[in-house]
Amino acid sequence: MRGHLIIFLILLSVIMGRAATKRALLIGISDYPAYSESADATWSPIHGANDVQIIGKTLKAQGFKISTLTNSNATASKIRKALKKIQTEVRAGDILYLHFSCHGQPVEDLNGDEKDGWDEAIVPYDAQKIYRKGIYKGENHILDDELNNYFNAIRTKVGPQGFVYVVIDACHAGASY
């Protein structure tokens, strides 16, 4: 009987010792590149990278493991790679904070899932402002449908004991009905 109690206490300490890991992925873009001579084809500067610095300090003080992508490092491929990495790293019970501070843009809904006819998108560093036939077709915009797939997969992995917080500070990145 005493052996069973010792085994139980060891198992209990292992289970109790598995504290939730706090992770954060902070994405912020302040300065976008110019893509043409026309001012209307260039994204205006905003304060996304500054937001990452401010939020990062607060989360670090709370014990979060933080990954950041800012300005020229916040390309579509790097954002997608970071989201896939988080998706593989998170475990049941983890706490995850995802923050996007960048431009947003409505994009024509091609699969018919939006009541208003528009998907919402975040605008990575390498996403152009204007669609140009044969030059840019929106491949670097990250649509709400794609983000939803990442968020749902992450939420499933952290389970009912975990938490996923998503903050998107991007104009035109929310639906209006």
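A residue counts as buried when its relative accessible area is under 20%. Tyr 32 sits at 8% relative accessibility, so it lands in the buried class. Keep in mind that this is a predicted model.

**How far to trust it**

The protein chain averages a pLDDT of 85, and 83% of the residues score at least 70. Residues 11-17 are another matter: pLDDT stays under 50 there, and the model gives that stretch zero contacts beyond four places in sequence. Where pLDDT is low, the predicted coordinates should not be read in detail.

**Aromatic pairs and a lysine**

Back to Tyr 32. The structure holds three aromatic pairs, and Tyr 32 with Trp 43 is one of them: the planes stand at 45 degrees, so the pair is tilted. Both rings lie in the loop between strand 1 and helix 2, so the pair ties together parts that are eleven residues apart in sequence. Trp 43 is buried too, with a relative accessible area of 8%. Phe 100 and Phe 151 form another tilted pair. Here Phe 100 belongs to strand 3 (residues 95-101) and Phe 151 to helix 4 (residues 144-158), so the link spans 51 residues in sequence. Both of these Phe residues are buried.

| Pair | Centre to centre | Angle between planes |
|---|---|---|
| Tyr 32 and Trp 43 | 5.9 Å | 45 degrees |
| Phe 100 and Phe 151 | 6.3 Å | 55 degrees |

Trp 43 has a further partner: Lys 129 lies over the face of its ring, at 5.5 Å from the ring centre.

**Ser 30**

The loop between strand 1 (22-28) and helix 2 (48-61) also holds Ser 30. Is Ser 30 buried or exposed? At 6% relative accessibility, it counts as buried. Its side chain reaches the backbone nitrogen of Ala 49 at 2.9 Å. Leaving out residues up to four places away in sequence, Ser 30 touches several others, including Pro 45, His 47, Asn 50 and Asn 71.

**The three-stranded sheet**

Strands 4, 5 and 6 make an open sheet in the order 4-5-6, with antiparallel pairing. Strand 4 (103-108) and strand 6 (142-143) are the edges; each has a single partner strand, so one side of each lacks a neighbour in the sheet. Strand 5 (residues 118-123) pairs with strand 4 over six bridges, and two bridges join strand 5 to strand 6. Five of the six residues in strand 5 are buried.

Looking across the strands, Val 107 stands opposite Asp 119, while Gln 105 has Ala 121 as its bridge partner. Ala 121 also stands opposite Leu 143 in strand 6.

Key
Residues numbered from 1 in each chain as written. Predicted model: local features only at pLDDT ≥ 70, side-chain atom pairs only at ≥ 80, totals over all residues. Heavy atoms only, no water. Pairing = 2+ DSSP bridges. Helix = DSSP H or I, 4+ residues; strand = E, 2+ residues; numbered from the N terminus. pLDDT = per-residue confidence, 0-100. Contact = heavy atoms within 4.5 Å. Buried < 20%, exposed > 50% of the residue type's maximum accessible area, 1.4 Å probe, protein only. Polar contact = N/O pair within 3.5 Å; in protein donor to acceptor, adjacent residues only side chain to side chain. Phe/Tyr/Trp six-rings, centres within 6.5 Å; stacked < 30°, edge-to-face > 60°. Lys NZ or Arg CZ within 6 Å of the ring centre and 35° of its normal.
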